[in-house]
Amino acid sequence: MAVSVPILAIVVSLHLIAFVFAVGAERRRSTAKVVPDQYDEYTFCRYDSDASTVYGLSAFGLLLLSQTVLNGVTRCLCFGRGLVTGRTTTCTVFFFIVSWTSFLGAEACLLAGSAKNAYHTKYRGVFRVDHVSCATLRKGVFAAGAALTLLSLLGLVFQFYSFGDIC
């Protein structure tokens, strides 16, 4: 178990940094306003920043790296010595499923949010049209990814501790 503490520290650190990036992505979502073109009678959407795309993709990468590190150490519960049946094995498999389910949900939210935030349309309509709107990312997509990141972290930590009791 000497390798346990550094591995667990790396996994927790990567998850927490990914959480901070996901929260930062939610706070820095792009906003847009319709402005008239100075050369013709068209309007277009002017977006203020694209920082949340970078934050979201950074959180995506860190979360993927963290999941890879821990599943490499535990051999994804599939390879190596077989798991002995019992209560700790049931807990390990349960937390493995929780961590993977929340991991996949977080990755989907972060990737979809980053892709949608990066999608910007330039020309939206003729200048004299009322109520022209610009496409922006909905509130809560990156926040859901951040929440699922923490749930994945809890699942991984409990999985790692219960896996340590088996081996």
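**Exercise 1. The spans annotated as transmembrane**

Task: For residues 140-161 of this predicted model, determine how far apart the end C-alpha atoms lie and what share of the span is helix.

Solution: The end C-alpha atoms of residues 140-161 are separated by 32 Å, and the span is 95% helix with 0% strand. The next step is to set this beside residues 93-119, where the chain is 96% helix and 0% strand, with end C-alpha atoms 39 Å apart. Both spans appear in the UniProt record, an unreviewed entry whose annotation "transmembrane region" covers residues 6-25, 54-73, 93-119 and 140-161.

**Exercise 2. An aromatic pair within a helix**

Task: Decide which geometry, stacked or edge-to-face, describes the rings of W100 and F103.

Solution: A search of the whole structure gives five aromatic pairs. For W100 and F103, the ring centres are 5.2 Å apart and the planes meet at 85°, so the pair is edge-to-face, given that planes over 60 degrees apart fall in that class. As for their place in the chain, both residues belong to helix α3 (residues 87-118) and are three residues apart, about one turn of the helix. In general, an α-helix has 3.6 residues a turn, so residues three or four places apart point the same way. Their accessibilities can then be read in turn: W100 is partly exposed, with a relative accessible area of 27%, whereas F103 is buried at 4%. Elsewhere among the aromatic residues, F94, F95 and F158 form one cluster.

**Exercise 3. The nonpolar cores**

Task: Establish how many residues the largest nonpolar core has, and which of them have the most contacts inside it.

Solution: The largest nonpolar core has 13 residues, and those with the most contacts inside it are A18, A22, A59, L62, L63, L110 and F142. Tracing the core back to the helices, one finds that α1 (4-27), α2 (51-73), α3 and α4 (141-166) each supply at least two residues, while the largest share, four residues, comes from α1. Taking L110 as a worked case, and leaving aside its neighbours within four places in sequence, the contacts of L110 are A22, G56, A59, F60, L63, F142 and G145. Apart from the largest core lies another, of eight residues, including L8, V11, L70 and F160.

**Exercise 4. Helix α2**

Task: Find which residues of α2 are buried, and compare the reach of the helix with the expected value.

Solution: The buried residues of α2 are A51, S52, T53, G56, A59, L62, L63, S66, Q67, L70 and N71. With 23 residues, α2 reaches 33 Å from its first C-alpha to its last, close to the 33 Å expected at 1.5 Å a residue. After the helix comes R75, whose phi is positive, near 60°.

**Exercise 5. The hairpin and T136**

Task: State in which sense β1 and β2 pair, and then identify which residues T136 is in contact with beyond its neighbours within four places in sequence.

Solution: Strand β1 (residues 32-36) and strand β2 (residues 42-47) pair in the antiparallel sense over five bridges, and a hairpin of five residues joins them. Within this pairing, P36 stands opposite T43 in β2. Turning to T136, this residue sits in the loop between β3 (123-126) and α4 and counts as partly exposed at 35% relative accessibility. Beyond those sequence neighbours, T136 is in contact with S30, T31, A32, Y47 and K116. For K116, which is 20 residues away from T136 along the chain, the separation of the two C-alpha atoms is 7.5 Å.

Terms used:
Residues numbered from 1 in each chain as written. Predicted model: local features only at pLDDT ≥ 70, side-chain atom pairs only at ≥ 80, totals over all residues. Heavy atoms only, no water. UniProt positions renumbered as here; feature names shortened; annotations may be inferred. Phe/Tyr/Trp six-rings, centres within 6.5 Å; stacked < 30°, edge-to-face > 60°. Buried < 20%, exposed > 50% of the residue type's maximum accessible area, 1.4 Å probe, protein only. Core = buried A, V, L, I, M, F, W, Y, C linked by side-chain atoms within 4.5 Å. Contact = heavy atoms within 4.5 Å. Pairing = 2+ DSSP bridges. Expected span 1.5 Å × (residues − 1).
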